[in-house]
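Subject: Structure handover

Hi,

Here is the structure for you to take over. My notes on the strands and helices follow below it.

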Amino acid sequence: MITLHALTKIFPGGVHALDDIHLTIADGEFFALLGPSGCGKTTLLRTIAGLETPTRGTVHIDDRNVTDLPPGQRDVAMVFQDYAIFPHMDVTANIAYPLRIKKIPRAERATKAAGVAARLSLTDLLHRRPAELSGGQQQRVALARAIACHPTAFLFDEPLSNLDARLRLEARTFLKRLQRELAVTTVFVTHDQAEALALADRIAVMSDGRMIQVATPAEIFHRPATTFVASFIGSTPMNLLPARATPAALHVAGATLPLPGPLHSGDNLTYGVRPEYMTLSPTERPDAFPGVISVLENLGTHTLVTLETPTGPHIQLVVPEGEEPPPGTPASATPRRALLYRDDTLLTTL
């Protein structure tokens with residue numbers, strides 16, 4: 001278990017990389033830190049590893065206060081974005097290096113390295129050097145080195161970002177299966193929300209050194225706590241539309257929708273609906289967004305349709321392949337599931 005209490009990191013110049021972080025990661029949990037570049041996720045990971053010293057706050061690993069301990073005494077293993085394997089060592093020596101630091105005898109090191117390599121399909125590569133390996137093979141060597149020392153926790157700093165798209169999907173599946181087999185607490189940093197949704201048991205969405213929302217992938221996707229989270233999560237961004245309340249209805253982009261509850265006409269409201277949760281129709285109706293088809297984007301089995309509304313905002317929705325009308329066609333989009341935000345914070349689901 002990893003527990004962070006009031007963790008703050010201020011760099012010279014007054015830059016708050018981490019701002020009062022409170023977090024508990026359970027034993028065996030796969031936990032993802034997700035956010036845009038510069039949000040503080042890598043700084044947080046490096047602080048857990050001991051590579052950064054917090055300005056304030058504490059780090060506990062398995063009920064041990066490790067805040068002032070050097071990295072080698074924290075019993076964690078870190079896999080870096082560039083893998084950081086030694087170019088002058090072969091695969092066996094790279095995997096066994098943490099065991100060498102712990103003064104484990106050479107024969108035992110070689111046996112353990114061979115055993116870990118077999119689990120990761122590296123047996124035929126044990127005598128090669130990193131320059132002779134593909135990106136996917138180097139990634140597995142870095143994972144094998146982390147596994148070899150049987151740490152309390154794995155810390156992954158965007159380990160899949162250097163792989164091509166197909167290999168990244170394969171590595172993602174492999175990584176999740178491996179983590180389940182080992183049942184080791186894992187903290188995974190990524191800016192790719194698809195990776196976080198696919199891999200994690202829970203996700204922390206970060207911005208400006210703060211955790212905006214910590215929840216399961218399903219909850220973050222279906223009930224993002226703020227408009228920032230809503231716009232960041234999803235393979236196609238959520239439509240976030242300005243809304244206006246009257247005593248009788250909610251008015252959004254030319255549609256008249258039922259009021260979800262008591263609202264004031266001066267409320268700062270935003271109506272959020274994902275492209276996947278709308279139905280396209282040629283028939284105009286009061287509870288649908290009217291417009292004209294302006295752009296079609298082929299997604300393979302589906303098409304992303306952009307609807308240009310008379311009131312200004314463009315609305316995107318996803319329709320099955322072959323069901324999309326040609327550009328210039330009048331159409332309307334009916335929301336099936338939506339969210340309402342007040343002052344950029346989730347108010348209710350619709």
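Please keep in mind that this is a predicted model.

I start with strand β14, residues 269–273, and strand β20, residues 339–342. The two run antiparallel and are joined by four bridges. Within that pairing, Y271 has L340 of β20 as its bridge partner.

β20 is also joined to strand β21, residues 345–349. Four bridges link them, again antiparallel. L340 turns up here too: its bridge partner in β21 is T348. β20 and β21 form a hairpin, with two residues between the strands. In the turn, D343 has a positive phi of about 55°.

Next, the six-stranded sheet. The sheet is open, and its pairing is mixed. The strand order is β6-β7-β8-β3-β9-β10. β6 (76–79) and β10 (210–215) are the edge strands, each pairing on one side only. From one strand to the next, the twist averages 20°.

Inside this sheet, β3 (residues 30–34) pairs with β9 (residues 202–207) in the parallel sense, over four bridges. A32 stands opposite I203 of β9.

Two helices lie across strands of the sheet. Helix α1, residues 41–49, lies across β3, β6, β7 (153–157), β8 (185–190), β9 and β10. Its direction is at about 150° to β7. Helix α5, residues 165–182, lies across β3, β7 and β8. α5 runs at about 135° to β3.

One general point for reading side chains: in a regular strand they alternate between the two faces of the sheet.

Best wishes

Conventions:
Residues are numbered from 1 along each chain as its sequence is written. This is a predicted model: local features need pLDDT of at least 70, side-chain atom pairs count only at pLDDT 80 or more; totals for chains, interfaces and linings use all residues. Side-chain values use heavy atoms; hydrogens and water are left out. Two strands pair if DSSP finds at least two bridges between them. Axes are lines fitted to C-alpha atoms, for helices over the stretch in contact, and angles run from 0 to 180 degrees between N-to-C directions. Contact means heavy atoms within 4.5 Å.
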